[in-house]
Amino acid sequence: MAQDYIASIPFDQRLYRQDIEGSIAHAKMLAKQGIIAEDDAKAIIAGLTSIHEEIEQGKFQFKPELEDIHMNIEARLFEKIGDVAGKLHTARSRNDQIALDMRLSLKEEIEKTINKLKTLQFSLVELAEANKEVIMPGYTHLQQAQPILFAHYLLAYFEMFQRDKERFQDCLKRTDVLPLGSGALAGVPYPIDRDFIAQELGFSKVSTNSLDAVADRDFIIEYEASAALTMMHISRLAEELILWSSTEFGFIEIGETFTTGSSIMPQKKNPDVAELARGKTGRVYGNLMSILTTMKALPLAYNRDMQEDKEGLFDTIDTLHPSLEVFAQMVKTIKVNAKRIREAIKKDYILATDLADYLVKKGLPFREAHGVVAKLSEYAINQGKSFHELSLSECHNFSPLFGEDVYDITLESSVAARNIPGGTSPQQVEAALIRAREILR
Ligand code: ARG
């Protein structure tokens, strides 16, 4: 009963490769330092290698009564090579061993996460390039605010995912530290060579405090926090794809593989993939809260509570990675309905700011210009006319500064006018696309 409660093997068997890799490096080091005999190390390494094969071939029997991945592998090593197996755990504890396994594993996962983010960014850039000339309404408060390039919108997400990549890169730096050699908590009384193990396993640094090294799970929390942010970005994108593919908007169409039909309403094409990604964001937040709470009052150094770090982290990885993959694929299938988007801004009230800016250029202070255009807009809306349908004399009722050239203000001129770094003008967006391409190279 308690055995099952304590056991972590149902989920930490996922760490078998890292556990074996770490043990092999450890055994090599022990022999090199003369702490165990060269032949013993050879027997241990051969045994571990064949256990690795057994696991890969699905022939290994994991036993809950052996608690975790470390003891499962060690017990099998005894069966295979006899008592010499007992020498492997010299100058080591399960506390620094599990810290090692988690770091080795997370380092690999972070590389994958970054690559998947990159692939998604790539899809966004492709879609932006394929729809470079499309002008869409930009929103604030989900109210049409100012025209922007559709490509500019997509590149906003490129930026978010770029920051996410940087966060994971940063997390990698702090994950890339070897904890082995810390022992249970105080270090070990053998002349071990930690730098050698670090080199064998590809760590750039060796931890500098044994207590901290076995008690630290910051690197896991950092990953989960970064993942929570990434999922938040995915979820915001999901939300917009859902809105825009609705009948009301009709701005985009998502490829069929990423939508489902309704069982009773044949007209429907539900954006299930986007909805699920939005939904799964919740569990990734939950995992972050869970590990933060687990860690918050633990005395130094290791406590068994920390075994709870695993399922949440694995679940976060297993949620984040497929979400990134499926989005990268789905974005590729998006068809942009430029005509519908154009129709959505047929009434050109979205140009109100440009009208105000026009008056400013004619000498009116901005606040006053804003007031004039507010009244003009109200009038136009009441008349059911767009700005372009108002006559010049109608405009003059609001300000004498309006001239014929006010009719030159269009969606295109509005977008083109925002030609400052970070702005939505075609020239700036072109430069941003080139920059994005360079980042992805
Ligand atoms: N299964 C344990 C964990 O995941 C390994 C470390 C166990 N250490 C110990 N002293 N019981 O945290």
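Visitor: Leaving aside neighbours within four places in sequence, which residues is Leu66 in contact with?
Guide: This is a predicted model, and in it Leu66 sits in the loop between α4 (38-56) and α5 (69-81). Once the neighbours within four places in sequence are set aside, the contacts of Leu66 are Met71, Asn72 and Ala75.

Visitor: Is Leu66 buried, partly exposed or exposed?
Guide: Buried means under 20% relative accessible area, and exposed means over 50%. Leu66 has a relative accessible area of 24%, so the label for Leu66 is partly exposed.

Visitor: How far apart are the C-alpha atoms of Leu66 and Ile6?
Guide: Along the chain, Leu66 and Ile6 are 60 residues apart. In space, the separation of their C-alpha atoms is 9.9 Å.

Visitor: What about Glu67: is it buried or exposed?
Guide: Glu67 lies in the loop between α4 and α5. Glu67 isn't a glycine, yet its phi is positive, about 65 degrees. For comparison, most residues other than glycine have a negative phi. The relative accessible area of Glu67 is 18%, so Glu67 is buried.

Visitor: Ala91 has a positive phi too, so what is its value?
Guide: Look in the loop between α5 and α6 to find Ala91. With a relative accessible area of 5%, Ala91 is buried. Ala91 is not a glycine, but its phi is positive, at about 60 degrees.

Visitor: Which peptide bond is cis, with omega near 0 degrees?
Guide: Most peptide bonds are trans. To find the cis one, go to the loop between α11 (272-295) and α12 (309-332), where Ala301 sits. With omega near 0 degrees, the cis bond runs from Leu300 to Ala301.

Visitor: Let's move to the ligand. Which helix gives the most residues to the shell around it?
Guide: The residues surrounding the ligand include Arg94, Asn95 and Ile98, along with others such as Tyr302 and Lys310. The biggest contribution to this shell is three residues, and it comes from helix α6 (residues 94-130).

Visitor: How do the shell residues divide into nonpolar, polar and charged?
Guide: Among the residues around the ligand are Ser8, Asp68, His70, Arg304 and Gln307. Sorted by kind, the shell holds two nonpolar, four polar and four charged residues.

Visitor: How far is a nitrogen atom of the ligand from an N or O atom in the side chain of Asn95?
Guide: A polar side-chain atom of Ser8 is 3.3 Å from a ligand nitrogen. For Asp68, a polar side-chain atom lies 3.2 Å from a nitrogen atom of the ligand. For the side chain of Asn95, the distance is 3.0 Å.

Visitor: And how much of the ligand's accessible area does the protein cover?
Guide: On its own, the ligand has 340 Å² of accessible area. The part of that covered by the protein is 88%.

Visitor: Which side chain does the side chain of Lys116 make a polar contact with?
Guide: Lys116 is found in helix α6, and its relative accessible area is 19%, so Lys116 is buried. Setting aside neighbours within four places in sequence, Lys116 is in contact with His321, Leu324 and Glu325. At 2.5 Å, the polar contact from the side chain of Lys116 is with the side chain of Glu325.

Visitor: What covers the buried residues of α8?
Guide: In helix α8 (residues 194-201), the buried residues are Arg194, Phe196, Ile197, Ala198 and Leu201. Their cover includes α3 (16-32), α6, β3 (177-178) and β4 (205-206).

Visitor: Which residue just after α8 takes a positive phi?
Guide: At the other end, the start of α8, a side-chain oxygen of Asp193 comes within 3.2 Å of the backbone nitrogen of Asp195. Just after α8, the residue with a positive phi, about 80 degrees, is Gly202.

Visitor: How many disulfides are there?
Guide: A disulfide is a covalent bond between the sulfur atoms of two cysteines. The rule asks for a pair of cysteine sulfur atoms within 2.5 Å. Cys171 is buried at 0% relative accessibility, and Cys395 is buried at 5%. By the rule, the number of disulfides is zero.

Visitor: Last one: how far apart in space are Ser393 and Ile252?
Guide: Ser393 lies in helix α16 (residues 392-396) and, at 51% relative accessibility, counts as exposed. Ser393 and Ile252 are 141 residues apart in sequence. C-alpha to C-alpha, their distance in space is 40 Å.

Technical notes
Residues are numbered from 1 along each chain as its sequence is written. This is a predicted model: local features need pLDDT of at least 70, side-chain atom pairs count only at pLDDT 80 or more; totals for chains, interfaces and linings use all residues. Side-chain values use heavy atoms; hydrogens and water are left out. Buried means under 20% relative accessible area, exposed over 50%, partly exposed in between (1.4 Å probe, protein chains only). A residue is near a molecule or strand if one of its heavy atoms lies within 4 Å of it. A polar contact is a pair of N or O atoms within 3.5 Å; within protein, one must be able to donate a hydrogen and the other to accept it, and residues adjacent in sequence count only if both atoms are side-chain atoms. Accessible areas come from the Shrake-Rupley method with a 1.4 Å probe; for residues, only the protein chains shown count as cover. Helices (H or I, at least four residues) and strands (E, at least two) are DSSP runs, numbered from the N terminus. Ala, Val, Leu, Ile, Met, Phe, Trp, Tyr, Cys and Pro count as nonpolar, Asp, Glu, Lys and Arg as charged, and the others, Gly among them, as polar. Contact means heavy atoms within 4.5 Å.
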